[in-house]
Amino acid sequence: MLSRLGRRVGRRGIQLSAVRRNSQYTPYDPDAEPREEEQVDVCIVGAGPAGLSAAIRLKQLETETGKEVRVVVLEKGSEVGAHILSGAVIEPSALDVLLPDWKTTEHPLSQPVTSSSMRFFTEKYALPIPHPPQMNNKGNYIASLSRVAAWLGGIAEELGVEVYPGFAGARFLLSDSPDSSDAQGRNVHSVRGVITHDAGVTRQRTKSARFEPGIAFRARATLLAEGAHGSLSKTVISMYDLRHDAEPQTYGIGIKEVWRVDPAKYVPGKVVHAVGWPLNYQTYGGGWEYHMADGLVSIGLVVGLDYKNPWLEPYREFQRMKHHPHYRALLGGGERLAYGARSLTEGGLQSLPKLDFPGGALVGCAAGVVNTAKIKGTHNAMRTGMLAAETAFAALHPGTSFTAVASPATFTPAQGETESETETISLAAYNSSFPSSPAHKDLWGVRNLRPAFNTSLGLYGGVMYAGVDTLLGGRVPWTLRHHRTRIDSPDARATRPAVECAPIAYPPFEPPLSTDLMSSVALTGTNHAEGQAVHLRVMRPAEGEMSETAGRRREHVESNVGTYAGLLQRACPAGVYEYVPDDGGKAVPGNVEEEESAEGKKLVINSQNCIHCKLCDIKVPTQDITWTVPEGGGGPKYTLT
Amino acid sequence: MRPSAARLLNILVPVKRSVDYAVKIRVNPQQTGVDLNVKHSMNPFDEIAVEEAVRLRERLKDGVKSIKAVTIGPPKASETLRTALAMGADSAIHVEIPESAPAPEPLGVAKALHALIQRGDGEGKVDLVIMGKQAIDDDAGQTGQMLAGLLGWGQATFASKVQVDVEKREAVVLREIDGGSEEIRCRLPLVVTTDLRLNEPRYASLPNIMKAKKKPIEKLTAADLGVDFTPRLETLKVTEPPVRVGGGKVESVDELVAKLKDAGFTAA
């Protein structure tokens with residue numbers, strides 16, 4: 001009888017399975033969600049050069065000593081290298097240590113640098129100027145960092161590292177009770193691991209029928225290798241006040257294109273750096289031109305995010321830079337293949353946080369190890385990854401001896417104590433051996449250069465000071481501060497109100513040399529699955545806000561449109577943010593009552609365009625945009641950058 | 001419904017590794033094809049096929065004995081199989097072709113699948129082939145139909161709904177056609193090709209991906225199947241479509257007539 005009923009009602013009819021079906025009304029509480037757990041030794045968030053170097057080093061130590069270590073690398077991009085963007089001119093010093101035989105294998109560092117020069121641009125001319133000794137690129141390579149990461153990812157997997165692209169590190173697994181103390185002696189919870197993103201959350205932040213909870217990786221050590229201004233890194237720095245004794249980080253935005261140029265213009269291995277036009281002397285930044293292998297040229301512009309003028313649009317600065325006769329000549333007859341953007345750290349040693357926290361450590365740009373004079377960070381990122389790996393391995397297997405290569409002068413396998421197989425380990429030795437490591441030495445010599453640009457003399461003051469300081473190799477008794485007084489989010493706070501600044505008249509686009517923003521964004525291949533929750537959240541978690549309210553949105557619009565000329569709409573290199581006339585539609589899901597618009601405008605977030613550059617989180621004057629990870633696998637699909 | 005003496009179903013799901021749908025494609029400098037140094041992933045229609053096979057198992061319970069995924073491609077195509085395994089397939093077959101070899105054409109693929117299916121016998125005989133209606137790189141839409149022809153099986157293409165009755169060994173399929181839909185009743189064994197509205201594929205969860213690493217992938221070559229993948233078509237040239245030139249506005253009818261005359265249009 002029942003079976004005949006079943007046949008009539010249809011296969012869907014009687015729900016006999018034990019699977020709980022969600023509808024879009026099922027409430028979603030990430031903290032209460034039951035999750036599967038996996039026990040690992042080291043969980044690394046981010047498959048970039050830092051994270052992968054750490055992973056590779058750990059597995060090398062496993063081979064050397066025979067002591068096992070389970071290493072998992074989580075990567076929010078759909079494949080390794082999809083979210084990485086850089087110039088890039090790579091110093092192979094760290095690679096020589098990590099993989100001494102790399103030159104004999106198939107590798108993507110195919111173009112050695114053949115010449116380096118610097119230019120001072122005016123609107124019409126490109127005047128050669130001497131460049132600091134650090135910018136001498138002898139022995140360096142021009143490569144796509146995306147391909148380098150993909151290559152390192154392959155090596156890591158061969159060594160037995162579990163690399164999971166398409167899975168974002170979304171939140172921390174914390175200890176149940178405060179069981180550690182931070183540097184200030186407060187009792188805090190320790191980080192016990194990482195939870196991957198929950199998939200299938202609707203725009204209203206409820207569970208859809210396809211809801212798939214993230215899993216929790218219980219790790220004895222968690223390494224955050226998310227790159228500049230990573231979401232988990234931001235949380236951890238705030239949680240443990242890791243910048244208590246350091247200055248806040250200051251950033252730049254790098255916007256880049258890769259072109260296939262007319263062969264007559266192509267000079268393999270040529271490296272050019274430029275300052276001056278189109279940026280004015282008060283805005284830190286500069287352009288680059290790197291001739292990669294296979295007839296490709298990487299060009300781009302870095303704009304310091306402490307720029308004062310809210311009318312400034314980094315994307316349009318870059319597009320008009322290409323109208324300069326020098327670039328017109330270079331790119332004429334060429335074809336644009338790629339576009340992308342990413343924030344980078346510029347704070348150097350002054351902004352370096354305490355590197356370890358209870359349960360883990362920061363490596364690479366998540367800590368902020370870019371050498372701003374050389375405009376290179378990959379080598380230091382790899383070094384910090386290797387040092388963290390050796391520290392972690394020594395703590396995981398105390399008493400085991402191995403050859404430490406990351407910082408042999410100062411770190412040798414420590415005698416550590418651990419209580420149980422699953423107890424988290426301390427990476428304090430990583431933080432304490434860093435000051436005498438090669439990466440620190442690299443950053444020490446150039447520590448005064450970025451701050452030198454922060455005076456009223458701007459570019460000129462910086463260049464003059466740099467001229468002296470670099471000749472001395474940074475061997476001066478002082479260390480300049482980025483800012484005289486300590487302010488949080490200095491880049492955001494540096495923005496002046498729009499009335500105090502002059503609007504900039506950008507020239508119209510001249511396709512195919514320079515194009516509108518959407519044509520460029522299309523080249524990133526960025527995409528985010530439809531219907532998911534917007535990952536850019538208008539809220540201030542540091543102030544205890546854990547959900548978005550219409551009130552916060554209204555204040556955001558009031559301030560940004562009223563005072564700062566709608567900065568985000570001008571600054572985002574992917575066209576995510578728009579201030580549009582209020583048509584009555586509600587942007588905050590579920591908001592029926594409250595007013596969320598101001599000055600006749602409301603904020604629209606086109607999160608599907610996001611290319612994960614983090615500019616908004618850094619620069620928004622109201623500091624109320626919190627970048628969180630979207631569902632894994634979304635975002636750009638860089639292959640040439 | 002308890003499965004009777006009727007044999008349990010073996011489902012074969014061919015999948016293809018193609019350029020990811022979000023990537024902006026470009027013609028390569030030699031003008032022989034598209035630049036393939038970009039992100040690849042499983043053809044979206046094949047994801048729908050895998051999802052349908054898994055849902056059939058959820059609906060029919062023990063009625064489905066095995067779900068096998070198969071791909072024909074270079075070594076990297078095994079990642080696509082891992083995705084299929086993570087979504088719920090039991091095992092996979094990778095017919096490996098060299099990295100430098102051109103992509104196989106629909107007829108070649110159909111012949112390979114035909115040879116593969118002929119190998120199965122007894123309990124391992126394939127009853128149902130579910131595959132994408134077309135691949136998003138070549139948009140050929142031929143393989144399913146050719147395969148059905150080679151096998152002498154029925155075909156239910158552009159399926160937007162599939163219902164299988166294991167005991168009766170038949171399926172009722174709703175097809176998307178111009179002007180609406182068509183419902184057909186088919187006998188098994190059957191080839192089904194999936195259309196977009198059939199289902200929404202599930203996310204491969206991380207635990208499933210981890211489990212998928214342990215599931216078996218059988219490696220075969222063209223020679224093992226006695227199939228030749230040499231292309232029968234020669235691509236002469238691939239170019240991008242001509243850039244759209246903007247139109248112009250005219251001020252008066254006379255001007256319009258003059259422009260038409262210039263362009264070569266004359267009154268009859």
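# Questions on a predicted two-chain model

User: Between which two helices of chain A is the loop in which A:Ala565 is found?
Analyst: This is a predicted model. In it, A:Ala565 has a positive phi of about 55° although it is not a glycine. The loop that holds A:Ala565 runs between helix 15 (550–562) and helix 16 (567–571) of chain A.

User: Is A:Ala565 buried or exposed?
Analyst: The cut-off for a buried residue is under 20% relative accessible area. A:Ala565 has a relative accessible area of 14%, so this residue is buried.

User: Which class of accessibility applies to B:Lys61?
Analyst: B:Lys61 is not a glycine, yet has a positive phi of about 55°. This lysine lies in the loop between helix 1 (44–60) and strand 4 (64–73) of chain B. Its relative accessibility is 48%, and the class runs from 20% to 50%. B:Lys61 therefore counts as partly exposed.

User: Which residues touch the most other members of the largest nonpolar core, and which element gives the most to this core?
Analyst: The largest nonpolar core has 89 residues, and the two that touch the most other members are A:Phe217 and A:Val236. The element that gives the most to this core, with 11 residues, is helix 8 (residues 378–396) of chain A.

User: Beyond four places in sequence, which residues does A:Val236 touch?
Analyst: A:Val236 is one of the two residues that touch the most other members of the largest nonpolar core. Its contacts also include a charged residue, A:Asp241. With residues up to four places away left out, the full list is A:Phe172, A:Val191, A:Leu224, A:Asp241, A:Leu242, A:Phe357 and A:Leu362.

User: How many residues does the second, separate core contain?
Analyst: Among the members of this second core are A:Val297, A:Tyr315, A:Leu567 and A:Ile611. The number of residues in this core is 60.

User: What is the volume of the largest cavity, and which residues are closest to its centre?
Analyst: The count of cavities of 30 Å³ or more comes to seven. The largest cavity has a volume of about 830 Å³. It is lined by 47 residues, and the closest to its centre are A:Ile84, A:Leu85, A:Leu145, A:Arg342 and A:Cys365.

User: How many charged residues are in the lining of the largest cavity?
Analyst: Elements of chain A that each supply at least two residues of this lining include helix 2 (49–65), strand 3 (71–75), strand 21 (335–345) and helix 8. By class, the lining has 25 nonpolar and 16 polar residues, and the number of charged residues is six.

User: Which element supplies the largest share of the lining of the second largest cavity?
Analyst: The second largest cavity holds about 140 Å³ of space. Its lining has 15 residues, and those nearest the centre are A:Leu337, A:Ala338, A:Leu523, A:Lys637 and A:Thr639. At least two lining residues come from each of strand 21 and helix 14 (517–524) of chain A. The largest share, three residues, comes from strand 21 of chain A.

User: What is the relative accessible area of A:Thr345?
Analyst: A:Thr345 is placed in strand 21 of chain A. Leaving aside neighbours within four places in sequence, its contacts include A:Ala228, A:Gln249, A:Tyr251, A:Cys365 and A:Val370. A:Thr345 is buried, with a relative accessible area of 1%.

User: Why is one side of strand 1 and of strand 14 of chain A left without a neighbour in the sheet?
Analyst: Three strands of chain A form an open sheet in the order 1-15-14, with antiparallel pairing. One side of strand 1 (26–27) and of strand 14 (199–201) is left without a neighbour because each stands at an edge with a single partner strand.

User: Which residue of chain B has a positive phi in the turn between strand 8 and strand 9?
Analyst: Strand 8 (residues 170–177) and strand 9 (residues 180–187) of chain B pair in the antiparallel sense over eight bridges, and B:Glu170 stands opposite B:Arg187. The two strands form a hairpin with two residues between them. The turn residue with a positive phi, about 90°, is B:Gly179.

User: What is omega at the cis peptide bond between A:Pro511 and A:Pro512?
Analyst: A:Pro512 lies in the loop between helix 13 (490–493) and helix 14 of chain A. At the cis bond that joins A:Pro511 to A:Pro512, omega is about 0°.

Methods: Residues numbered from 1 in each chain as written. Chains lettered and ligands numbered in written order. Predicted model: local features only at pLDDT ≥ 70, side-chain atom pairs only at ≥ 80, totals over all residues. Heavy atoms only, no water. Core = buried A, V, L, I, M, F, W, Y, C linked by side-chain atoms within 4.5 Å. Buried < 20%, exposed > 50% of the residue type's maximum accessible area, 1.4 Å probe, protein only. Helix = DSSP H or I, 4+ residues; strand = E, 2+ residues; numbered from the N terminus. Contact = heavy atoms within 4.5 Å. Pairing = 2+ DSSP bridges. 1 Å grid on protein atoms, 1.4 Å probe; cavity = no way out; pocket = protein on both sides within 12 Å on 5 of 7 lines; lining within 4 Å. Points joined across faces, edges and corners; volume = space filled by probe spheres on them.
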